Amino acid sequence: MHRQHGRENGRLVGKVAIVPGGGNGIGRAISTWMAEEGAAIAIVDLDKDAGQELADTLTKSGSQAISAACDATKEDQVADIIAMLAERFGRVEVLVNNAGIEGVNKPTHELALSEWEAAMAVNATAVFLCTKHAVPQLKRAGGGSVINISSIFGLVGGGDIPPYHASKGAVRLMSKNDALIYAGDNVRVNSIHPGFIFTSMVHRYVTDSGLDFDAAKPALDAAHPLGGTGEPDDIAWGAVYLASDQARWATGAELVIDGGYTAR
Ligand code: NAD
């Protein structure tokens, strides 16, 4: 992580952000940079150890951060944890729906219903559940920002992982529709569409697809006109912007951060 900016920037001072899937990869960078910008952060992740380790690191560097173990596909857990966090922090202004999985990489006609449902549960249903339970808190705070992490594969096809595409496409339209539903409450809802970032999710995707990592990397680099795959920080700065008051007039937008992948 490149720490070239300090807390003096303070674009999120006074805001409380909940980040499902905030313990690793892109969510970890989002949590880190939002904390650097002054937000209090709640890392909500299935991976309890990663969430706790990050919360400890952020707390040591002077931020307010806590970790809560949660399966974001389970409504009772989501409801309890969001209520607990709102009580603990006093309010919630930002929700970053970042938890996601790549799902099984098979053509549609070979997919089991359970494989389809597993990806839809994390990538789409959990976005619904976290939004459902966070929105009343955002409204209570007088407004806020929901940031849904979709993908380039919510915009274009990659010719593989069908449930991933379906779920990420759903998230794109959920964002626009929720933007309309909640505009009158000053709750903004936007999606971010990252290109390839070599997190553990992409490592799993490459391995599970039977590809050799060293061969796959140059091919993926070449698919991004700016000259390579991205870094989690590249996405985190977009999330910081959408969470900040500088984005006060941005809602229903799809922020594409993909090194030019979808520009063709
Ligand atoms: P990652 O695997 O590194 O991190 C995902 C995090 O989500 C992990 O901490 C994991 O524990 C958590 N998580 C998974 N299921 C969960 C659940 N049910 N409840 C709570 N937490 C859960 O993946 P990443 O690459 O950082 O992906 C983050 C988001 O960005 C995902 O939504 C992904 O689809 C999206 N995305 C990633 C890329 C990429 O190239 N890495 C590109 C486009 C979009």
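This is a walk through a predicted model, beginning at its ligand and then moving out to single residues worth a click.

**Stop 1: the ligand**

Select the ligand and show the residues around it. You should get a shell of 29 residues, and those that come nearest are Ile-26, Asp-45, Tyr-164, Ile-197 and Thr-199. Colour the shell by residue class and you will see 13 nonpolar, eleven polar and five charged residues.

Now switch on the protein surface with the ligand hidden. The space that the ligand takes is the largest pocket.

**Stop 2: polar contacts of the ligand**

Bring the ligand back and draw some distances. Start with Asp-45: an N or O atom in its side chain is 2.6 Å from an oxygen atom of the ligand. Go on to Ser-200, where an N or O atom of the side chain lies 3.3 Å from a ligand oxygen. For Leu-46, look at the backbone rather than the side chain: a polar backbone atom there is 3.3 Å from a nitrogen atom of the ligand.

How much of the ligand's accessible area does the protein cover? On its own the ligand has 830 Å² of accessible area, and the protein covers 94% of that.

**Stop 3: the helices around the ligand**

Switch to cartoon and pick out α1 (25–36), α5 (162–182) and α6 (200–208). Each of these helices supplies at least two residues of the shell around the ligand. Which element gives the most to that shell? Select α6, which contributes four residues.

**Stop 4: Ser-31 in α1**

Stay with α1 and select Ser-31, which has its place in this helix. Buried or exposed? Ser-31 has a relative accessible area of 0%, so it is buried. Show its side chain and measure across to Gly-22: the Ser-31 side chain reaches the backbone oxygen of Gly-22 at 3.5 Å.

**Stop 5: two residues with positive phi**

A bit of background before you open the torsion angles. Most residues other than glycine have a negative phi. The next two picks go the other way.

Click Ile-161, in the loop between β5 (144–149) and α5. Its phi is near 25 degrees, a positive value in a residue other than glycine. Ile-161 has 4% relative accessibility, so it counts as buried.

Then follow α5 to its other end and click Asn-186, in the loop between α5 and β6 (187–194). Here phi is about 65 degrees, positive again although Asn-186 is not a glycine. With a relative accessible area of 44%, Asn-186 is partly exposed.

**Stop 6: Asn-177 in α5**

While you are in this region, select Asn-177, which is found in helix α5. Asn-177 counts as partly exposed, at 43% relative accessibility. Add Val-189 and measure C-alpha to C-alpha: the two residues are twelve apart in sequence and 8.6 Å apart in space.

**Stop 7: Ala-239 in α8**

Jump along the chain to helix α8 (residues 232–243) and pick Ala-239. Its relative accessibility is 0%, so Ala-239 counts as buried. Now select Val-96 as well. How far apart are the C-alpha atoms of Ala-239 and Val-96? They are separated by 7.9 Å, with the two positions 143 residues apart along the chain.

**Stop 8: the loop between α8 and β7**

Finish in the loop that runs from α8 to β7 (254–257), where you will find Gly-252. Ala-247 lies in the loop between α8 and β7 too.

Take Ala-247 to begin with. It is buried, with a relative accessible area of 0%. Measure from Ala-247 to Asp-208: they are 39 residues apart in sequence and 38 Å apart in space, C-alpha to C-alpha.

Now Gly-252. At 18% relative accessibility it counts as buried, because buried means under 20%. For a last distance, add Gly-23: the C-alpha atoms of Gly-252 and Gly-23 are separated by 26 Å, and the two residues are 229 apart along the chain.

Notes
Residues are numbered from 1 along each chain as its sequence is written. This is a predicted model: local features need pLDDT of at least 70, side-chain atom pairs count only at pLDDT 80 or more; totals for chains, interfaces and linings use all residues. Side-chain values use heavy atoms; hydrogens and water are left out. A residue is near a molecule or strand if one of its heavy atoms lies within 4 Å of it. A polar contact is a pair of N or O atoms within 3.5 Å; within protein, one must be able to donate a hydrogen and the other to accept it, and residues adjacent in sequence count only if both atoms are side-chain atoms. Accessible areas come from the Shrake-Rupley method with a 1.4 Å probe; for residues, only the protein chains shown count as cover. On a 1 Å grid over the protein atoms alone, a cavity is a set of points where a 1.4 Å probe fits but cannot get out, and a pocket is an open set with protein on both sides within 12 Å along at least five of seven lines; lining residues have an atom within 4 Å of a point. A molecule sits in a cavity or pocket if more than half of its atoms lie within 2 Å of its grid points. Ala, Val, Leu, Ile, Met, Phe, Trp, Tyr, Cys and Pro count as nonpolar, Asp, Glu, Lys and Arg as charged, and the others, Gly among them, as polar. Buried means under 20% relative accessible area, exposed over 50%, partly exposed in between (1.4 Å probe, protein chains only).
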